[in-house]
Amino acid sequence: MRVATLAQFNATLSNIQDAQARTAEAQIKISSGQKAQRYSGISGEARRLVSFEAAHLRTARFMENNQRIDGRLQIMETNISTIMDIATSLRADLISVGSGAGTGLQVDDTASQLLREMASLLNVSVEGRYLFGGGVTDR
């Protein structure tokens, strides 16, 4: 072999050996049904899978939290609507007393009852949290 062709021969031999190694690896993958024989061969895919699972878990928690919040908001909306109805009823009773159509004692009893009802609506608790407690939701 001549010195001038030795470098080319070594490069060709290296390329042939690389091709044989890739062929052997592909045959092992086909026969075993596995992508790689070691974990290092799937590290990029494993990283993507772990990242996807974490994102899926965050999304599931986000959806769960939104459902809980939606339930609380619906209860709050119903209670506020009822309080508005109570206030409208009490206003009508007070106007009737002011015009001389009703008695003050009757309105006093009705107002006390309506105020107790409003207090119970404002003191409602869901999942151990008071809905209208402001920043303090545990008492």
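## Arg72 and the Architecture of a Predicted Helical Model

At 15% relative accessibility, Arg72 counts as buried. The model in which this residue is found is a predicted one, and Arg72 offers a convenient point of entry to it. The residue belongs to helix α2. Leaving aside residues up to four places away in sequence, Arg72 is in contact with Val126, Glu127, Arg129 and Leu131.

### Overall arrangement

The protein contains three helices and two strands. Followed along the sequence, these elements appear in the pattern α-α-α-β-β. Of the 139 residues in the protein, 9% are buried. The protein exposes about 11,200 Å², and carbon and sulfur atoms supply 57% of this area. Among contacts with a separation of 6 or more, 51% are made by residues 24 or more positions apart.

### Helix α2

Helix α2 covers residues 43-98. Does the helix run straight or bent between its ends, and what does its span indicate? At 1.5 Å a residue, its 56 residues should span 82 Å, and the end C-alpha atoms are 81 Å apart, which agrees with that expectation. The buried residues of α2 are Arg72, Asn79, Ile83, Ile86 and Leu90. Just after the helix, Gly100 adopts a positive phi of about 90°.

### Salt bridges

How many salt bridges does a search of the whole structure find? The search finds two. Side chains of opposite charge can pair when their charged atoms come close. The table sets out both pairs.

| Pair | Closest N to O distance |
|---|---|
| Glu64 and Arg68 | 3.4 Å |
| Arg72 and Glu127 | 3.7 Å |

The partners of the pair Glu64 and Arg68 both lie in helix α2, four residues apart, which is about one turn of the helix. An α-helix has 3.6 residues a turn, so residues three or four places apart point the same way. Glu64 has a relative accessibility of 46% and counts as partly exposed. Arg68, with a relative accessible area of 34%, is also partly exposed.

The salt bridge between Arg72 and Glu127 has another setting. Arg72 lies in helix α2, while Glu127 lies in the loop between β1 (125-126) and β2 (129-130), so the pair ties together parts that are 55 residues apart in sequence. Is each partner buried or exposed? Arg72 is buried, at 15% relative accessibility, whereas Glu127 is exposed, at 52%.

### The strands and their loop

Glu127 also has a backbone feature to note: its phi is near 55°, a positive value in a residue other than glycine. Most residues other than glycine have a negative phi. Arg129, another of the residues that Arg72 touches, lies in strand β2. With a relative accessible area of 36%, Arg129 is partly exposed. Arg129 and Arg72 are 57 residues apart in sequence, and their C-alpha atoms are 9.6 Å apart in space.

### The nonpolar core

Which residues form the largest nonpolar core? This core has seven residues: Ile83, Ile86, Leu90, Ala111, Leu114, Met118 and Leu121. Helices α2 and α3 (104-122) each supply at least two of its residues. Helix α3 gives the most to the core, with four residues. Within this group, Met118 touches Ile83 and Ile86, not counting residues up to four places away in sequence. Ile83 and Ile86 are also among the buried residues of α2.

### A nonpolar patch on the surface

Nonpolar side chains are found on the surface as well. Leu6, Phe9 and Leu13 form a nonpolar patch there, with about 250 Å² of accessible area together. Leu13 has its place in helix α1 (residues 3-32). This leucine is partly exposed, with a relative accessible area of 35%.

### Summary

Helix α2 takes part in each of the two salt bridges: one pair, Glu64 and Arg68, lies within the helix, and the other joins Arg72 of α2 to Glu127 in the loop between β1 and β2. Helix α2 also supplies at least two residues of the largest nonpolar core, as does α3.

Conventions
Residues are numbered from 1 along each chain as its sequence is written. This is a predicted model: local features need pLDDT of at least 70, side-chain atom pairs count only at pLDDT 80 or more; totals for chains, interfaces and linings use all residues. Side-chain values use heavy atoms; hydrogens and water are left out. A salt bridge is a side-chain nitrogen of Lys or Arg within 4 Å of a carboxyl oxygen of Asp or Glu. Buried means under 20% relative accessible area, exposed over 50%, partly exposed in between (1.4 Å probe, protein chains only). The expected span of a helix is 1.5 Å times one less than its number of residues. Contact means heavy atoms within 4.5 Å. Accessible areas come from the Shrake-Rupley method with a 1.4 Å probe; for residues, only the protein chains shown count as cover. Patches are made of residues with over 30% relative accessible area and no salt bridge: like charges are joined within 9 Å, nonpolar side chains (Val, Leu, Ile, Met, Phe, Trp, Tyr) within 5 Å. A nonpolar core is a set of buried Ala, Val, Leu, Ile, Met, Phe, Trp, Tyr and Cys residues joined through side-chain atoms within 4.5 Å.
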